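Please go through these notes with the model open. They cover salt bridges, backbone outliers and one helix, point by point.

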Number of protein chains: 2
Amino acid sequence: MSSGQPLSHPVEPTLTIAQVVERTGLSHDTLRYYEKAGLIERVGRTTGNQRRYRAADLAWLEFLIRLRETGMPIADVRRFAELRSRGDETVPERLAMLREHGAGLRERIRALRRDASALEDKIDHYERLLERPGSDDLI
Amino acid sequence: MSSGQPLSHPVEPTLTIAQVVERTGLSHDTLRYYEKAGLIERVGRTTGNQRRYRAADLAWLEFLIRLRETGMPIADVRRFAELRSRGDETVPERLAMLREHGAGLRERIRALRRDASALEDKIDHYERLLERPGSDDLI
DNA sequence: GCTTGACCTGGAGCGCGCTCCAGGTTCTAC
DNA sequence: GTAGAACCTGGAGCGCGCTCCAGGTCAAGC
């Protein structure tokens with residue numbers, strides 16, 4: 001129920017896919033899809049070919065989820081993952097990607113806040129309309 | 001090039017679809033799609049069956065765009081549009097929709113800000129890695 | 001009157017990001 | 001050793017939100 005076959009000689013605790021599903025909120029299918037799509041390196045297997053996720057896999061997964069949740073497209077995440085797997089000489093390029101993504105994200109947040117306050121105004125408008133109806137019905 | 005045939009007796013200025021494209025940033029196809037999909041009531045036509053958008057159409061379009069940009073699905077926008085077309089007795093329901101949408105939006109903004117600052121941390125990490133390389137490579 | 005560009009319609013197609021399926025293997029508990 | 005749950009694979013399917021296309025009609029300038 002807990003760890004399964006170790007993959008390397010000094011026993012490192014690993015997680016089954018079900019446990020990763022539980023921890024990340026991703027589905028089995030999404031996890032397999034991410035692997036197939038190259039967002040995750042091929043994760044280690046037991047002798048019976050079942051996935052065993054290591055702590056490093058989890059850490060990357062969690063970062064990847066953040067990238068996705070902030071709107072980075074699959075293709076870009078894959079690019080980032082490829083850079084990562086090529087080692088330290090790709091750090092500058094990865095940094096550039098993150099900076100660009102961060103800038104876009106901050107911009108989106110600003111836009112959302114503007115929209116949110118416009119929405120509040122509309123809500124206020126509706127509330128006034130409810131209190132004294134029939135006054136105007138612009139929207 | 002400017003206004004086209006009026007639709008009602010006291011001449012109200014109207015916009016061609018090209019002018020609406022320019023003002024809203026939506027494409028011709030998207031505008032027609034929104035109409036087909038019921039997000040916009042059938043807009044007035046010239047005798048030659050060409051669309052002419054009135055100020056009220058524009059105002060609704062701009063609000064609709066805000067709803068879409070803040071992530072409201074097409075189906076919900078259609079629902080809202082239907083309520084709108086049923087008149088003032090649907091104001092409470094519309095208000096409820098907007099309040100719920102606003103709450104979700106604020107929650108999303110909060111999450112994005114958390115993610116954005118986690119992203120900054122990761123960027124800092126990469127910057128340190130660039131300054132004194134080889135120290136660690138967790139992500 | 002003719003040309004050219006803007007506009008119309010219905011319907012097919014597409015990119016994204018999963019999600020589901022069939023058919024098989026493996027693991028766990030008894 | 002066996003039942004049942006968990007896992008595997010390749011590939012098809014799907015929901016969303018457009019976007020494109022074919023085959024026309026309409027409008028404005030010369």
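1. A:D115 is buried, at 9% relative accessible area. The cut-off for buried is under 20%, so A:D115 falls inside that class. Keep in mind that this is a predicted model.

2. Which residue does A:D115 meet in a salt bridge? The partner is B:R66, with the closest N and O atoms 3.3 Å apart. This pair crosses between chains. B:R66 sits in helix α3 (residues 55-69) of chain B. A:D115 sits in helix α5 (residues 91-131) of chain A. B:R66 has 38% relative accessibility and counts as partly exposed. The bridge thus has a buried acid and a partly exposed base.

3. Look next within chain A. A:E12 forms a salt bridge with A:R54, and the closest N and O atoms are 3.2 Å apart. The two residues are 42 residues apart and belong to distant parts of the chain. A:E12 is in the segment before α1 (17-24) of chain A. A:R54 is in the loop between α2 (28-36) and α3 (55-69) of chain A. A:E12 is partly exposed at 26% relative accessibility. A:R54 is partly exposed too, with a relative accessible area of 34%.

4. Chain B has a salt bridge between B:R54 and B:E12, at 3.2 Å from N to O. Why does this pair tie together separate parts of the chain? B:R54 lies in the loop between α2 (28-36) and α3 of chain B, while B:E12 lies in the segment before α1 (17-24), so the bridge links parts 42 residues apart in sequence. B:R54 is partly exposed, with a relative accessible area of 34%. B:E12 is partly exposed at 25% relative accessibility.

5. A network also deserves a look. Salt bridges that share partners join A:E35, A:R45 and A:R51 into one network. How many salt bridges are there over all chains? A search of the whole structure finds 16.

6. Now the backbone. A:N49 is not a glycine, yet its phi is positive, at about 70 degrees. A:N49 is found in the loop between α2 and α3 of chain A. At 48% relative accessibility, A:N49 counts as partly exposed. The cut-off for exposed is over 50%, so A:N49 does not reach that class.

7. B:N49 also calls for a check. Its phi is positive, about 70 degrees, although B:N49 is not a glycine. B:N49 lies in the loop between α2 and α3 of chain B. B:N49 is partly exposed, with a relative accessible area of 49%.

8. Does the length of helix α4 (residues 74-85) of chain B agree or disagree with its residue count? The 12 residues, at 1.5 Å a residue, should span 16 Å. The end C-alpha atoms are 16 Å apart, so the two values agree.

9. Which residues of α4(B) are buried? They are B:I74, B:V77, B:F80, B:A81 and B:L83. What do these buried residues pack against? In chain B, they pack against α2, α3 and α5 (91-131). They also pack against α5 of chain A. That helix of chain A holds A:D115, the partner of B:R66 in point 2.

10. What follows α4(B)? B:G87 does, and its phi is positive, near 95 degrees.

Methods: Residues numbered from 1 in each chain as written. Chains lettered and ligands numbered in written order. Predicted model: local features only at pLDDT ≥ 70, side-chain atom pairs only at ≥ 80, totals over all residues. Heavy atoms only, no water. Salt bridge = Lys/Arg side-chain N within 4 Å of Asp/Glu carboxyl O. Helix = DSSP H or I, 4+ residues; strand = E, 2+ residues; numbered from the N terminus. Buried < 20%, exposed > 50% of the residue type's maximum accessible area, 1.4 Å probe, protein only. Expected span 1.5 Å × (residues − 1). Contact = heavy atoms within 4.5 Å.
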